[in-house]
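Visitor: I should like to learn how to read the places where parts of a protein meet. May we go through one example together?

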2 protein chains.
Amino acid sequence: MSQTDSKMEVNPDLVRERAKCNFNTLELTHIIDGGEENTLQRKKIENIALNSGAWKDTVGEEHMSHKEKYENSVRKSVIYGSIMKNELAELSGLEEFGANFLAVRRTGNAFFKEVTPVFQHFGQFIPTILGQCTPEQQSYWLPRALDMNILGTYAQTELGHGTFIRGLETTATYDPETEEFVLHSPTLSSYKWWAGGLGKTVNYCIVIAQLYTKGECHGTHLFIVQVRDEETHMPLPGIKVGEIGPKMGYNTGDNGFLGFDKHRIPREHLMMKHAQVLKDGTYVKVARHGKLSYGTMVFIRVVLVSDAAFYLSKACTIAVRYSAIRRQSKPRPDEIEAQILDYATQQHKLFIAIATAHALQFCSKWLWQSYTALLAQMKGGNTDSLPELHALSSGMKAISASDSAQLIEQCRLACGGHGYMMASGIPHLYTYVTATRTFEGDYTVLMLQTARFLVKAYKQAEASQPLTPTVSYLAHAFSGSKATWDSRPDGIIRSFQAVAAGKIAASVRNIRKRLQAGLSEIDAWELSTIQLVAAAEAHCRAVIADTYRKEIVRLTANSSPNVKVVMDQLTTLYLYYWALEKTGDLLIYTSVSEMDLVDLQEAYEELLQKIRPNAVGLVDAFDLRDEILHSTLGSYDGRVYERLMEEALKSPMNKEPVNEAHFKYIKPFMLKGKL
Amino acid sequence: MSQTDSKMEVNPDLVRERAKCNFNTLELTHIIDGGEENTLQRKKIENIALNSGAWKDTVGEEHMSHKEKYENSVRKSVIYGSIMKNELAELSGLEEFGANFLAVRRTGNAFFKEVTPVFQHFGQFIPTILGQCTPEQQSYWLPRALDMNILGTYAQTELGHGTFIRGLETTATYDPETEEFVLHSPTLSSYKWWAGGLGKTVNYCIVIAQLYTKGECHGTHLFIVQVRDEETHMPLPGIKVGEIGPKMGYNTGDNGFLGFDKHRIPREHLMMKHAQVLKDGTYVKVARHGKLSYGTMVFIRVVLVSDAAFYLSKACTIAVRYSAIRRQSKPRPDEIEAQILDYATQQHKLFIAIATAHALQFCSKWLWQSYTALLAQMKGGNTDSLPELHALSSGMKAISASDSAQLIEQCRLACGGHGYMMASGIPHLYTYVTATRTFEGDYTVLMLQTARFLVKAYKQAEASQPLTPTVSYLAHAFSGSKATWDSRPDGIIRSFQAVAAGKIAASVRNIRKRLQAGLSEIDAWELSTIQLVAAAEAHCRAVIADTYRKEIVRLTANSSPNVKVVMDQLTTLYLYYWALEKTGDLLIYTSVSEMDLVDLQEAYEELLQKIRPNAVGLVDAFDLRDEILHSTLGSYDGRVYERLMEEALKSPMNKEPVNEAHFKYIKPFMLKGKL
C-alpha cells in the first residue's frame, strides 16, 4: 500500500505522531533525494516498477527450500529485467550513480531482499568488459552481454585465497601450438569460490588467473571463459561448476565454485586492454593500469557506503514506527501502557540510527562527488587526489558497513521478540549489510590500508609538507598541548580530529620504538596494527562527523526553520553520541573535564527528548514504500499485529490443520508409552 | 570423527600447533568440566548419544523448506528421545544442572543446532506442573506428561504483550453453572504468540490468563488447556492454533499462536497450588508465591549464562582452528603465506573470546552454587539472599547473552567469507544466542532490574547499613577521592568496582537532581535510565571479572605450572581488555594516568603474543566433538577446504547439472533478445 492511498486506515498512534511532527517531511525527503526533481523521478520509477505488484511472492521466500529460493529469484529476475528494459527504458541515465540509479536499486529491493542471480552480470561482467577489453574485444562481447544473449559473472576469490590477490593459484598457460590458454586448477584451494550467479545461472565467467607464457609467470590477468553450453546450458568438458550452498544471507543468489581440468580457451579471450600475448607467446604490456583500476574499486566502495545508509534507513523506519505503536508497562496505574518510543533507553537506541543513516547517506554523496571530480582530473593526467580518495573510500566503506550492521541489529533488538521474526524485515537487512563488511575488502584489511595512508600523511605533516584536505588537521598534531575542548558542534569535530591525530601519532611512536628495538619494518608495523586500526577508525569517524555536519549546513541553507532545527539536532546528537562513546580518547587528547562530560551527557539526554516528537516524521521522510520495506512491523499504516497474523496464516505449515509428522513420528512414540 | 581416532589425517598446521602447546589440554578440560570424573561421564554420554550417527541429516537442514525443517526436527526428536529414555536411562541425575545435564545439552546440540519442538515439554510444561499444581493435580498430570501420553508447552507472551505481565489480555472467566472456566481472546493483540511447540506439536498448553470470578479480576493465573484432540490431533473447537512463521533462528521449532473463542475448560484445570476457585466461584488464595516463583526464573537465567558460554566456546573453537589453517599474505616475499592467527589484529579478536567463554562458564557454575545455597536457605525460611541473586542473575543473563552474541559475530567475521557460509556453523550460534538476549527478559529491562537493586544498595551503603557480598564494594564509594590505580589483576578488579560505584553514585545524583527539580519519582527514574543501564553494566562486568579471577585461582590451585600460567594469562587478558575498552571510565573514577594506559596497551599486546602458541590447545580443551560443532571450518582434523567442497557437493542444487529455471525463465528471456 502506498503512503498516498487516501483510503488507508492508519493506526491512531501513528496518526497522532504524524500530526505532532513540526516540520514538513516532504521537504526533508527532497533534501535526502538531492532535490525535488529527483524525488519526483524516483517516485515515477517506483510507480512503474512496483504498482503492478509483480514483485510479490505467492509463498514467502523464507518458507522456501534453498533451491526454491533460487528458482523463485530467477523467475522474478526475468520479470524485473523486463520492466527495466521496457517500462523503464524511456528514462535515461539509469547507468549513472544519480537519482535514477538509486531509485532502481530501491525498486530492485522490492523484488529481491538481498540479491538476484543476474546482479553480477550487470554489476561486474559488463563493467569489466568495458574496463579491461580492447575496443575490438568490446565490439564482440558487449552487444551479446547487453542483449543478454550471454550471461556472465566475475570469479576472483578462491577457496583458499581472498584478499591477497598475488596468492591466487589458478593458472592460465599459453600454448602457442594451438594458440590457446590452458586454464587449470592445480589444487582444491585454487577452486574459484563465491562468484554470484556462477552456480547455475551464467554461461560465461571472467576468471582471474596467473598468466604463464614461454615458461614465465606474468602475474594475475583476466580471461573470459565460457563455462556452460549456450544451447544445453550443460557445463563444458574440463569445467567443474556448481553452487556453494546456503549462506547466512544472499540465498536468492547462486554463488558458485569453478574448477578447471586443463581447460582450453582461445588466445583472444585474454582481456587485452592492458596486456597482450601475441600468437607466438610473446607477452606485451600495453599500458600500466595500476592507478586507473583503482577507479572501479572506489566506485564499488562508494555504492557500498550508500547501501549501508539505505539498509539502515529501512531498519530505522521499521523500528521507529513499531516503537510508536508498541505499548509496554504502565508507569502510572491510571494511564494506558506507554508507547515504548517514550522510553529514554529506546530513544538512545534508535535516534543515533536515524542520524547515522543520514550521515552515511550524505557521506556517500560527497564521496561520489569527490570520485567524479577525481575522474575528471585523471582524464587530464592528474592522479594527485587518488591516494587520499582510495584511503578514504576504503575506510568509509569499512566503517559504514560496520556501523550500519551494528545499528541494524540495535534496531532489531529494540523491536523485542517481533524483531526476530523474519516478517519484521530486519533480519534480512542485517545479513545483507554484515556481508558487505567482508566482501570487497575485509574491515581490518581496509582499515590498515587507510592507516598506511595516514602514517604517510603524518610524516608529511612532520616535515611541514602540504597535506590533502581530509588529513589537513594533522598540521595541528605537533603543538605539544591538548586540543581545547569546546562543546559546540564544530568544537567537537575538532576534538575528534585531535583524537585521530593523537592516535596516529601514538601509532607512529610505537612503530618507531619497535624499529629502535631492532625489529624489521614489517614486524614493527605488524605489532602496531591493533593501534593502527584504532587510529584509522578515529580518522574515519572524524571525517564522517565533519562531512555530515558541513553537508547538512549546506543543504539546509535555504530550508524552512523547523527543518533546519531538526537537522541541526540530529547532527548534534551524532556528535554528542560519539563524544560520549569515546570519553577515554577525549580525556587523553583534549582538555575536556569530567564536569564537561557530565554536562554533555545531560545535553545528550535533553536532545533525545527534543527529537522525540519528530521521530516518526523523520523516518517517514526516508519515503520507503511498503513494498521496499517488506515489514509487518514497519508499514506506513502501522497495522502491526494484523500483518503479523496475516503473514503467519499464509505459512504453508498452517495450510493443513495436522502436520503429517505427528502420525509419522510422534504418535507411534507416544503409543509406546514409556518406550 | 572423534578426536581420539588415531587413523585421522590432520592438517599439518594443526599438528604443529598441537605440538607447540605447552600445557596438558586434558588437564584444562577437567577443570572446565569440574573434575576428571565429570569429563569421563560426559564422554560416556557423548559416546552413547552420538556414536551411532543418528544425529545426521541426509540433506543439510539449511537446504530444507521451513516446513521440512520442522518435520525433520520432529523425526530426530523421536530418535533422540528414545536414546534419552533407553540408552541413557542407566545414568542417574540427568535432571540436575550438573555434569550430566550439561552433557545432555551438548549431545542435544548435535541433533538440533538450536531447538527441538518438544523442548518446552521438558523445559517448561513439566517443571510448571511440578511447581504450580497441587499434589492431587500432579498425580493426574505428571505421569501422563512424563510418559509423553500428552505433550505440552507454556504460553504467556501475547501478540501485543511481553514483559509487562499485568498487561496480558487473555481472560479466564469462571462459570459456576457448569463449573468451568471460559477462556477468551478479546482482541487480536491478546492472541498467545511464541510458545515453542505450540504450532503443530503439542496437544496441551499451560496458558496464563486474567482470572475473573464473581465479576472480579484476580490477576493472572495458570491453566492447563487441551488444544488438540488426543486421537486425531485436530485443534479443538473454540481454539485457533497455528505456527507463527519463519524466524531469524530456531526454525526447527514450531513456535505457535493460540486464540480462544469462549473456550470452556473444567474448573480443576486451574493450577491450584497457590490459589483456588471453589465450585461456587469463591476465590481462595492458598499461599503467597511471590518470592518462591523467583526460583524457576533464576534457574532459567543460570542455564542461559551457561548456554552463552557454551555457544561462545563453539565459535572460538571454529575460529581459532580455522585461523591456524587459513593463510593470507606474504609479509616476506621469501616465505609462504602467514597463518592468519599470527596477525595481532586476529589475536585481538579471538583471544578475548576464549577468555570470555571461560569467564561466563565459571560464572554460571558459581551462580549455580549460589542458587542451590539459596534454595537450601529458603527451605529454612531465610530469603535474605534472594534479591541479590535475582539482581545478579538478571544482569548476568543479560550481559552474557550480549557479550557472547557480539563475540560470536566477531569470531564469524574473523573467518572472513567462509564464516558467512552456513556450513561454517557460526551463523547458527549467533541466531541462537542473540535470541536469548530478548527472551526470558529483555536486556534493557533486566539491566534496569539490576539497577534498581544497586540504587537500593547504594542507599544502604550511604546509611552505613550492611551490604550483601557482590555490592560490598559500595562501602568505599564515599571516600571522596579517586580509587588508586594498580595494574595488577586484583587492582584492576578494584578499579572496575570503583567505576561501578562511581556510576551508581552518579545515577543516584541524577535521580535526586531531577526530584529536586520537581519531577515525580517515576519521571526522575525514567529520565535517568540510560545512565542506570550503564551503571548496571559496569557492576556486572566487575562481578564477572572478580568471579572469573577468583574461580581460576581456586580451580588451578593444584594444577601443573603451565596450566596455571596460561589460565593466569587469560584472566589477565580479560582484565586488560576491558580496562582498555573503558579508559574513559577509568580516567574519571580512578587515578590511572595516560602513561599507565600506554603501558597497559603494551602489556595487552605482549600478552596476545604469549597466548598465541597455546591458542589451538586452549580451544581443543573445550573438547567439542565434531558432531557438536557442526562446522566445516572448525573440525578437529582441520580438513577445511575439503569439507567445504564436500558440503557444497551435497547441495540438492548440485544434484542436477542444469536447473529447470534456466529453461523455464532465462532461456525464453534470452531468446527474446532485446525483448
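The dialogue below takes up the interface between chains, the relation of the copies, and the domains.

Guide: This is a predicted model, in which local features need pLDDT of at least 70 and side-chain atom pairs count only at pLDDT 80 or more, while totals for chains, interfaces and linings use all residues. Residues are numbered from 1 along each chain as its sequence is written, chains are lettered from A and ligands numbered from 1 in the order in which they are written, and side-chain values use heavy atoms, with hydrogens and water left out.

Visitor: How many residues of chain A are in contact with chain B?

Guide: Contact means heavy atoms within 4.5 Å. By that rule, 140 residues of chain A touch 140 residues of chain B.

Visitor: What area is buried between chain A and chain B?

Guide: The size of an interface is often given as the accessible area lost when the parts come together. Here the buried area (accessible area, with a 1.4 Å probe, that two parts lose on being put together, summed over both) is about 11,700 Å², and carbon and sulfur atoms give 63% of it. Y420(A), I530(A) and M653(A) supply 7% of the area that chain A buries against chain B, more than any other three residues.

Visitor: How many salt bridges does the rule find across this interface of chain A and chain B?

Guide: A salt bridge is a side-chain nitrogen of Lys or Arg within 4 Å of a carboxyl oxygen of Asp or Glu. The rule finds 10 between chain A and chain B. E656(A) forms a salt bridge with K67(B), where the closest N and O atoms are 3.0 Å apart. On the side of chain A that touches chain B, there are 58 nonpolar, 43 polar and 39 charged residues (Ala, Val, Leu, Ile, Met, Phe, Trp, Tyr, Cys and Pro count as nonpolar, Asp, Glu, Lys and Arg as charged, and the others, Gly among them, as polar).

Visitor: By what turn can chain A be laid on chain B?

Guide: Copies are superposed by least squares on the C-alpha atoms of residues with pLDDT of at least 70 in both. A turn of 180 degrees, with a shift of 0.0 Å along the axis, lays chain A on chain B with an RMSD of 0.1 Å. The two copies are therefore related as by a two-fold rotation axis. The same surface serves both copies, since 100% of the contact residues of chain A recur in chain B.

Visitor: Into which domains is chain A divided?

Guide: Domain bounds come from an automatic or database domain assignment. Chain A has domain 1 (22-113), domain 2 (124-287) and domain 3 (457-620). Domain 1 and domain 2 of chain A bury about 690 Å² between them, and the rule finds 0 salt bridges across their interface.
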